[in-house]
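Biologist: Got a minute to walk me through this one? I'd like to start with the strands and then poke at a few residues.

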Amino acid sequence: MALVGVALVAALSAALLVVSGVGPGAAEAQTAQTSGTVVAWGDNSYGQTNVPPNLTDVEAISAGWFHSLALVVDTQDTTAPTIQAALDPASPGGQNGWYTGDVDVSRTVTDDESDISGQTGCRTQTVAADTAGITFTCSATSGGGTSSESVTVKRDATGPNVDPVSRTPAANSNGWNNTDVTVDWSCSDATSGAVDPGVSRTFSTEGQNQSAVGTCTDYAGNTASDTQTGINIDKTAPVLNPAVSPDPLFLDGTATAAANATDALSGIASQSCDAVDTSSVGYGTVACTATDLAGNTATANVAYRVVYDFAGFPSRLTTSLRRATRCSTWSRRARPSRSNGA
Ligand SMILES: [Ca+2]
Ligand SMILES: [Ca+2]
Ligand SMILES: [Ca+2]
């Protein structure tokens with residue numbers, strides 16, 4: 001409240017309807033309306049109707065002999081300070097509201113109606129470590145009261161963990177697979193959390209020393225990768241070109257078969273053929289098998305023929321045969337001619 005001295009003499013307003021107070025004096029009278037406006041009337045020869053301009057919010061008045069008093073309400077601050085927060089960077093660089101680097105939090109505290117009498121927690125703060133959420137609260141007090149404003153910052157500048165879990169199926173003892181290979185990784189993250197609990201990648205292409213890369217992502221958008229090497233896939237069976245030797249095969253002779261296998265990728269691990277049977281003259285087949293280092297197996301048959309081992313006739317038998325041949329020749333010459341048509 002403030003007490004203001006006023007000289008008021010004025011004509012009574014016809015609009016004097018709602019009155020909150022009356023101040024009768026010796027030469028004038030005045031009243032304050034509920035709107036705060038002062039109306040005065042009396043003898044203006046003393047200047048008593050010159051109501052001070054901007055005289056509003058009058059709560060009470062009192063008229064004297066040559067003076068008047070008006071009690072006006074102080075201009076009050078009815079609003080607490082305004083707190084404006086600012087972050088630098090202004091917006092998160094990561095996803096889902098996460099900052100992925102340092103963040104400065106500052107405040108601007110203002111009050112147009114009264115002075116700031118105190119403030120706490122309003123100084124500039126820097127978030128330089130990962131946090132799932134840290135809240136900074138600024139409180140400021142003025143004649144209008146106390147206001148508070150809070151800012152929560154989430155910072156995750158660290159990539160997630162990506163750990164190899166399995167390789168299915170496992171490579172054989174030679175380090176090879178002959179089917180698709182699936183590599184699995186687990187994902188975890190200490191601050192914002194992993195988007196997926198794990199990732200996997202399946203290889204179906206044949207090749208040696210292939211690499212598989214697993215990438216995990218956290219909710220802030222950070223990523224991390226792991227590379228698994230040495231993935232050897234060979235799905236193709238060896239190629240056989242079997243052969244039997246010697247050629248020709250003689251009855252009861254010694255003979256062997258060879259698979260003559262080749263493999264373009266993992267290479268031949270083993271190859272073999274069944275025994276060649278020369279115990280009888282004629283045609284036969286023998287089976288050959290080859291396996292590559294990946295475990296692919298191929299089989300092929302090869303045909304063969306067993307013949308007599310003819311090294312020529314003995315000399316005594318040759319003489320007998322010559323004689324028999326001559327006799328046969330003579331017999332044919334001695335045969336009667338069929339010129340007669342018989
Ligand atoms: Ca204020
Ligand atoms: Ca993280
Ligand atoms: Ca192969």
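Modeller: Sure. First, what I mean by pairing: two strands pair if DSSP finds at least two bridges between them. And keep in mind that this is a predicted model.

Biologist: Fine. What's the strand order in the open sheet of 3 strands?

Modeller: The order is β7-β8-β10, and the pairing is antiparallel. β7 and β10 (125-127) are the edge strands, each pairing on one side only. From one strand to the next, the twist averages 20 degrees.

Biologist: How many bridges join β8 to β10?

Modeller: There are 3 bridges, with the two strands running antiparallel. As one example, Asp 104 has Thr 126 in β10 as its bridge partner.

Biologist: Now Gly 94. Where is that found?

Modeller: Gly 94 sits in the loop between β7 (82-88) and β8 (103-110).

Biologist: Is Gly 94 buried or exposed, then?

Modeller: Buried. A residue counts as buried if 20 or more other C-beta atoms lie within 10 Å of its own, and Gly 94 qualifies because it has 20.

Biologist: Which residues is Gly 94 in contact with, leaving aside neighbours within four places in sequence?

Modeller: Tyr 99, Thr 100, Asp 156, Ala 220 and Gly 221. Lys 154 is 60 residues away from Gly 94 in sequence, yet their C-alpha atoms are 9.9 Å apart in space.

Biologist: Switching topic: β14. Which way do its side chains point?

Modeller: They alternate along residues 181-188. Val 181, Val 183, Trp 185 and Cys 187 point to one face and are buried, while Thr 182, Asp 184, Ser 186 and Ser 188 point to the other and are not. In a regular strand, side chains alternate between the two faces of the sheet.

Biologist: And which strands does β14 pair with?

Modeller: β13 (residues 161-168) pairs with β14 in the antiparallel sense over 7 bridges, and there Asp 163 has Ser 186 as its bridge partner. β15 (residues 198-203) also pairs with β14 in the antiparallel sense, over 6 bridges; Val 183 has Arg 201 in β15 as its bridge partner.

Biologist: Last thing: how many residues make up the largest nonpolar core?

Modeller: It has 12 residues, including Leu 240, Val 244, Cys 273, Cys 288 and Tyr 304. β22 (282-292) and β23 (297-307) are the elements giving two or more residues to this core, and β23 gives the most, with 3 residues.

Biologist: What is Cys 288 in contact with?

Modeller: Leaving aside neighbours within four places in sequence, its contacts include Leu 240, Pro 242, Ala 257, Cys 273 and Val 302.

Technical notes
Residues are numbered from 1 along each chain as its sequence is written. Chains are lettered from A and ligands numbered from 1 in the order in which they are written. This is a predicted model: local features need pLDDT of at least 70, side-chain atom pairs count only at pLDDT 80 or more; totals for chains, interfaces and linings use all residues. Helices (H or I, at least four residues) and strands (E, at least two) are DSSP runs, numbered from the N terminus. Two residues are in contact if their C-beta atoms, placed from the backbone, lie within 7 Å. Axes are lines fitted to C-alpha atoms, for helices over the stretch in contact, and angles run from 0 to 180 degrees between N-to-C directions. A nonpolar core is a set of buried Ala, Val, Leu, Ile, Met, Phe, Trp, Tyr and Cys residues joined through C-beta atoms within 7 Å.
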